[in-house]
Amino acid sequence: MNKSDITIFIESIASQFGIKKTDIWKRQFQDLEKWLQKRNFSVILEKGGEDIVSWEKNTITIDSNPQWESRYYALLHECGHVLANETAEFLEYNYPCYVYEADGRKMKSDAYKVSVVGEEIEAWKLGRNLGDHTLNHFIDHNKFDKMMTECIMSYLYWATEEEDDTNST
């Protein structure tokens, strides 16, 4: 398996400066934390925790089990949700049933599921753009794309599951 150009580049930088490769990912993670602090969000690292934004608490929880590079990509994605929420009108315009609707009937609808999947895709795109172009971070696009694909596919599987409407008596 060949190493990507970015992985080789990061290893070279780490070697030149006498730091660990993981320190680069950790520093970029910390840059995202600072970016989030400006938006009144804090980050919680939780072993085995779900990567998720809590809008009520203005926190983002990130699973601390993966390595720093994966944590960084997960946080980029959650930052994408923060950005998407800052432009809620964009999501309302582009998706059939805005994700934050609380009506249980709407949450079971295909339109709602399409909206959830759409927002997930937007969050990955916005997060990548934030890291790549706004903060000028290193991103291994192959690894990022693999993680993004796995996550989006999990939402596609959820969205296409058949509901069991049978009642147990």
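Contact here means heavy atoms within 4.5 Å, and helices (H or I, at least four residues) and strands (E, at least two) are DSSP runs, numbered from the N terminus. This is a predicted model, with local features needing pLDDT of at least 70, side-chain atom pairs 80 or more, and totals for chains, interfaces and linings using all residues. Numbering starts from 1 along each chain as its sequence is written, and side-chain values use heavy atoms, without hydrogens or water.

**View A. Helix 1 has a buried side and an exposed face.** Helix 1 takes in residues 5–17, 13 residues in total, and reaches 18 Å from first C-alpha to last. That's close to the 18 Å expected (1.5 Å times one less than the number of residues). Look for Ile6, Thr7, Ile10, Ile13 and Ala14: these are the buried residues of helix 1 (buried is under 20% relative accessible area, exposed over 50%, partly exposed in between; 1.4 Å probe, protein chains only). They span an arc of only 125° around the axis, which puts them on the same side of helix 1 (the arc of directions from the helix axis to the C-beta atoms). Turn to the face pointing away from that buried side and you'll meet Asp5, Ser15 and Gln16, which are exposed.

**View B. Here is what covers helix 1, and what follows it.** Among the elements covering the buried residues of helix 1 are helix 2 (21–37) and helix 7 (141–160). Just after helix 1 comes Gly18, with a positive phi near 65°.

**View C. Helix 6 is followed by a residue with positive phi.** Helix 6 runs over residues 110–134 and has 25 residues. From its first C-alpha to its last, helix 6 reaches 34 Å, close to the 36 Å expected at 1.5 Å a residue. Asn136 follows helix 6, and its phi is positive too, near 55°.

**View D. Glu86 and Arg39 join up in a salt bridge.** The count for the model comes to 6 salt bridges (a side-chain nitrogen of Lys or Arg within 4 Å of a carboxyl oxygen of Asp or Glu). In the one shown here, N and O of the Glu86 and Arg39 side chains sit 2.9 Å apart. The pair ties together distant parts of the chain, 47 residues apart: Glu86 belongs to helix 3 (residues 68–86), while Arg39 is in the loop between helix 2 and strand 1 (42–46). Glu86 counts as partly exposed because its relative accessibility is 44%. Arg39, at 27%, is partly exposed as well.

**View E. Glu69 and Lys143 form a salt bridge between helices.** Their closest N and O atoms are 3.1 Å apart. Glu69 is in helix 3 and Lys143 in helix 7, so the bridge links distant parts of the chain, 74 residues apart. Glu69 is the buried partner, at 11% relative accessibility, whereas Lys143 comes in at 36% and is partly exposed.

**View F. Glu150 and Lys146 pair up within helix 7.** In this salt bridge the closest N and O atoms are 2.8 Å apart. Both residues lie in helix 7, 4 residues apart, or about one turn of the helix. In general, an α-helix has 3.6 residues a turn, so residues three or four places apart point the same way. Glu150 is partly exposed, with a relative accessible area of 47%, and Lys146, at 54%, counts as exposed.
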